[in-house]
Structures are given as structure tokens and as C-alpha cells.
Amino acid sequence: MKNSIQCYATAIIATLLTVSSIAAKAQVSYFVDGKNGSDTNNGTTLTAAWKTIQSAFNKATAGSTVYIKGGTYNQQLALNVSGTVNSPILFTNYQNDSVFIDGAGQTAQPLVMLGITDQSNVIFRNLIVQNLVKNNAVGIQVVCSGSGTVQNITFKNLVIRGINWTANAATKPSSSKNSQPFIAYGQGITAANVMSNIVVDSCQLYNNITGFSEGLSFGGNISGITITHNKVHDNTNIGIDVTGNYNECQCND
């Protein structure tokens, strides 16, 4: 009986240690501070914060939360990390700070402020994407390549504004004059690599000069879109457009 009790107690302790280890792993936090941070830091505390959001986009790990200090981040971003189904990565503002991802003066090709290609299980919350003025400017772009995978991406409480093909809203566009405040398209060629479970919730898209394009657009091989509680207003063309298998897609119906 004594041995049975000891084994039972040992099993409980081992289980608690495992649960504690998993919880600790899931609670990893990183910090970005554009004013005081450095990309040579490890990012794990506010005093050792990274300087650029791009550093977090390169180094954040599954299950972590990236807290971004308030300020203007004048940079174009490309996401290079994914979470897992049970451990997504969250990118959000620090406390109640206002975080501006600002495109003023940016010219790098492609003209995308926040680009996501073949990454999954990520959440973006409480960020402002703004001020990219150039033909074919893009605020947020989500792409699933022909052989890639994109699933479980959520955008919540974002603001996207001032993504313009021209600075003058009265200028009449031709079909080649466009901007895309938000666009997601699946180029997947099989059912297995369809873009899936993309959520846009409680976002604002406004004051965008989009030419022949739309404010919030989904096209190609996509299955599972949730568009809820958004405010899409004062844009110069269509607000929300879901095109299905249109010209972005290489798939066969």
C-alpha cells in the first residue's frame, strides 16, 4: 500500500510539473520599443526590448505574445514566423498604447506595409496601419502560394487608413490605378492548401483612395472567412469584396 501511495504521489507531482512547464512555455512574452529598444536584445523584457517590429516578425515563437510599445514605426513588415493551432502568436499593443505602422516615404517593392505569405496561427490586435501613398500600395496582404499553407489568422481592432494610389481623392483612376488597404488571396492549386479560417473582426478601414480596387478584399482559393463588426467607410470604391476563384487563383474548379 505504501509503495502504491508513493507511486500515486509521484505521478501527481510529475503531472503538475508537466502542466506547469506547458503553462510557462505558453506565457512567453516579447517586447518591442521603437524608442529605447535594440534589435541586438533578446526581447524578453521591456528593458531588453527589440527596436523594430520586424525583429519580432523574425523571432517570435509559437505561443508567445509580442507587446509593442506606442509610437510610430516607419517600416514595411514581412511576417517570417508561425504559431501552432494550439499556440498561436499574438502581436498586440503594450497596455493601452497607440501603435502606428506608418508608410510615409516607404518605397521598397512590393509596396506592402504588413505582408504575410505562407504563415499560420497568428493574431494581430490593436494596431494602426496607415499612410502609404503610391500606385499599388497595400496595407495588409495575406498570400497563400501555390504550394503553401495559410490558416487561422485573426485581425482584431485594427485601423487601416490612408492607403492610397494617389494623394488626391478627386483624381479619376484608370484600371491600372489601385491600392489595397487589406487583401487576402489564395493561389493554392489543391484543396489541401486552401487558405482557411481568416478572421477580420472589429476593424476600421476608412479614408483610403483605392482607385479600381476595394477596401477589404478576398480572392482565390479560400475557404472559411469571418468578417464581423467592422466599420468600412469613406473609401473611394467598393468597401468589401469577396470574389472567390478569380484571377488570383491558379486552382482548377
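Two strands count as paired here if DSSP finds at least two bridges between them. By that rule β2 and β5 belong together in this predicted model, since 4 bridges join the two strands, which run parallel. One of the contact points is easy to pick out: Thr-65 has Leu-90, in β5, as its bridge partner. On from there, β5 is joined to strand β8 (residues 122-125), again by 4 bridges and again in parallel. Here Thr-92 stands opposite Arg-125 in β8. How much of β5 is buried? The count is 5 of its 5 residues, so the strand is largely enclosed by the rest of the structure.

Parallel pairing turns up elsewhere too. Strand β6 (residues 99-102) runs parallel to strand β9 (residues 128-133), and 3 bridges hold the two together. Phe-100 sits opposite Ile-128 of β9. Ile-128 also stands opposite Val-159 in β12, and β9 as a strand is linked to β12 (residues 159-164) by 5 bridges, the two running parallel.

Stepping back to the chain as a whole, the secondary structure amounts to 2 helices and 19 strands. Of the 253 residues, 46% are buried. Contacts reach far along the sequence: taking those between residues at least 6 apart, 77% join residues at least 24 apart. The protein chain exposes about 12,200 Å², and carbon and sulfur atoms account for 52% of that area.

Next, the interior. The largest nonpolar core contains 46 residues, and the ones with the most contacts inside it are Ile-53, Phe-91, Phe-124, Ile-140, Val-142, Phe-155 and Phe-182. Strand β10 (residues 137-144) is the biggest giver to this core, with 4 residues. A second core lies apart from it, made of 5 residues that include Val-112, Val-138, Ile-183 and Tyr-185. What does Phe-155 touch, leaving aside neighbours within four places in sequence? Its contacts are Ile-116, Phe-124, Ile-140, Val-142, Phe-182, Ile-198, Val-199, Val-200, Asp-201 and Cys-203. That last partner, Cys-203, has a relative accessible area of 3% and is buried, the cut-off being under 20%. Cys-144 is buried as well, at 0% relative accessibility. As for disulfides, a search of the whole structure comes back with 0.

The aromatic side chains deserve a paragraph or two of their own. There are 9 aromatic pairs in the structure. In one of them, the rings of Phe-31 and Tyr-67 have their centres 5.6 Å apart with planes at 25 degrees; planes under 30 degrees apart count as stacked, so this pair is stacked. Phe-31 belongs to strand β1 (residues 29-32) and Tyr-67 to strand β2 (residues 65-68), so the pair ties together parts that are 36 residues apart in sequence. Are these two rings' residues buried or exposed? Phe-31 is buried at 12% relative accessibility, whereas Tyr-67 is partly exposed at 28%.

Phe-31 has a further ring partner in Tyr-94. The centres lie 6.3 Å apart and the planes meet at 70 degrees, so the arrangement of Phe-31 and Tyr-94 is edge-to-face. Tyr-94 lies in the loop between β5 (89-93) and β6, while Phe-31 is in β1, so this pair ties together parts 63 residues apart in sequence. Tyr-94 counts as buried, with 17% relative accessibility.

Other rings gather into a group: Phe-57, Phe-91, Phe-124, Phe-155, Phe-182 and Phe-218 form one aromatic cluster. Among these, Phe-57 is found in helix α2 (residues 53-59). Phe-57 is buried, its relative accessible area being 2%. Which residues does Phe-57 touch, not counting those up to four places away in sequence? They are Leu-77, Ala-78, Leu-79, Asn-80, Val-81, Phe-91, Leu-114 and Phe-124. Along the chain, Phe-57 and Ser-82 are 25 residues apart, and a distance of 9.2 Å separates their C-alpha atoms.

Note on methods. Residues numbered from 1 in each chain as written. Predicted model: local features only at pLDDT ≥ 70, side-chain atom pairs only at ≥ 80, totals over all residues. Heavy atoms only, no water. Disulfide = S-S within 2.5 Å. Buried < 20%, exposed > 50% of the residue type's maximum accessible area, 1.4 Å probe, protein only. Core = buried A, V, L, I, M, F, W, Y, C linked by side-chain atoms within 4.5 Å. Contact = heavy atoms within 4.5 Å. Areas by Shrake-Rupley, 256 points an atom, 1.4 Å probe, with all protein chains shown as cover. Phe/Tyr/Trp six-rings, centres within 6.5 Å; stacked < 30°, edge-to-face > 60°.
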